[in-house]
Amino acid sequence: MGEPIAGHSVGSFLRVVMLMLGIFFYFLLVACIPRSDDIDNTPSNHWTHRYRNGLYLSASGSGVIEGCALLLMILVLFGVNRSQALKYTGIILMILYSCGILLDAIGLGIIADETWNWYHSDGDTAYQSKMVGLLIGEVCISIAGLLVLLPDFGVLQGKVGHILRAVVLMLGIFFYFLLVACIPRSKRIDHYKHHDDYRTGLYLSTAGSGIIEGCAVLLLFIVILLEFSNTTCMRYVGLALVVIYFIGALLNMIGVGMMTHESWDWNHYPLSDSSYRSEMVGTLMGEALIATAGVFVLLPDFGYLY
């Protein structure tokens, strides 16, 4: 393979760009903007004090994550080893990024704890599933972004680093697409009996996210097994799962796109229209990029895109 940017192979370049852009769009458009908007729409009183604090922490952490993700991606692709100043700048950004992860995790934990038994229009189990999935998924995926960048700083460059990156990212994808995408969207299908296009989008997204999370955990097992028994049969099974995974990602992207198009001009209480649209666009771009990045992280185990 050629080395297009700052000594990166094509595979390394795609892994960094896909994952960090996915993290940037997701944490900006799905986490930071809607949660900031929710702060303004939540009255300040004794009953909502902890909930608002959770929103503040999560919105702040998300803002730090998306800002540092974009800067780190640019820095790593430009080449952190060009000078000591760039390397130390990268280390500082990674520390800030880690602080953002901690703030977001604490904030989401407070939000989940505070709202666990509230009444939610799509059913308590769907809401609770979504909150647990957001907490685990956001933390794992953002940590995976950090792990993907570490080899450029001379850390976790061998097999241990590769396995760790694969485990953290695929577990994040599994929990996110199972608990945030598949379960809540499947429960919303019956609520939209008079919106055929939106229901079709929900069906497609539910099916696609179900395929993604199922293939993600199977691919993770295969990648781990390949470290002990690297057989041709195992690699072909893995490649077949990669193809199915891509089909799931495509179905989910089409489904979320249909949902976004159909509901663009609806009234979206308690979020403002602009906040809802931000969330839907971020969901579309973030889910597509992060799901694709998961495959690019695993492809070297099957002999492609080192």
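# A tour of two cavities and their helices

The largest share of the lining of the second largest cavity, five residues, is supplied by α8. That makes a handy place to begin, so keep α8 in view. Before you start clicking, note that this is a predicted model.

**Stop 1: the second largest cavity**

Select I212, A249, N252, M253, V256, T283, L284, E287, A288 and A291, the residues that line the second largest cavity. Colour α7 (232-262) and α8 as well, since each of these helices supplies at least two residues of that lining. The space inside comes to about 40 Å³. If you colour the lining by class, you will find seven nonpolar residues, two polar and one charged.

**Stop 2: the largest cavity**

How many cavities of 30 Å³ or more does a search of the whole structure find? The search finds two, and the largest holds about 70 Å³ of space. To display the largest cavity, select Y26, G137, E138, I141, Y176, F177, G286, E287 and I290. Keep E287 highlighted as you move across: E287 is in the lining of the largest cavity and also in the lining of the second largest cavity.

Which helices each supply at least two residues of the lining of the largest cavity? They are α4 (124-149), α5 (159-188) and α8 (273-298). By class, the lining of the largest cavity is made up of five nonpolar, two polar and two charged residues.

**Stop 3: along α5**

Now show α5 as a cartoon and follow the helix from end to end. Its 30 residues reach 42 Å from the first C-alpha to the last, close to the 44 Å expected at 1.5 Å a residue. Pause at F177, where α5 bends by about 35 degrees. F177 is also one of the residues lining the largest cavity, so you may still have its side chain on display from the previous stop.

**Stop 4: two residues of α4**

Go to G137 next, in helix α4. G137 belongs to the lining of the largest cavity. Is G137 buried or exposed? With a relative accessible area of 0%, G137 is buried, because anything under 20% counts as buried. For a sense of distance, draw a line from G137 to Q84: the two are 53 residues apart along the chain, and their C-alpha atoms are separated by 34 Å.

V132 is found in α4 too. At 29% relative accessibility, V132 counts as partly exposed. Add L179 to the selection: V132 and L179 are 47 residues apart along the chain, with 7.1 Å between their C-alpha atoms.

**Stop 5: two residues of α6**

Move over to helix α6 (residues 196-226) and pick T206. T206 is buried, with a relative accessible area of 13%. Show sticks here, and you can follow the side chain of T206 to the backbone oxygen of L202, at 2.7 Å. Then select M258, which is 52 residues from T206 in sequence and 13 Å away in space, C-alpha to C-alpha.

G201 is in α6 as well, and at 0% relative accessibility G201 counts as buried. What is the separation between the C-alpha atoms of G201 and I254? It is 7.1 Å, although G201 and I254 are 53 residues apart along the chain.

**Last stop: a polar contact in α3**

Finish in helix α3 (residues 84-115), where D104 has its place. D104 is buried, with a relative accessible area of 1%. Which side chain does the side chain of D104 contact? Select R35 to see the partner: the two side chains make a polar contact at 3.4 Å.

Technical notes. Residues numbered from 1 in each chain as written. Predicted model: local features only at pLDDT ≥ 70, side-chain atom pairs only at ≥ 80, totals over all residues. Heavy atoms only, no water. 1 Å grid on protein atoms, 1.4 Å probe; cavity = no way out; pocket = protein on both sides within 12 Å on 5 of 7 lines; lining within 4 Å. Points joined across faces, edges and corners; volume = space filled by probe spheres on them. Helix = DSSP H or I, 4+ residues; strand = E, 2+ residues; numbered from the N terminus. Nonpolar A, V, L, I, M, F, W, Y, C, P; charged D, E, K, R; others polar. Expected span 1.5 Å × (residues − 1). Bend = angle between axes of the 7 residues up to and from the residue. Buried < 20%, exposed > 50% of the residue type's maximum accessible area, 1.4 Å probe, protein only. Polar contact = N/O pair within 3.5 Å; in protein donor to acceptor, adjacent residues only side chain to side chain.
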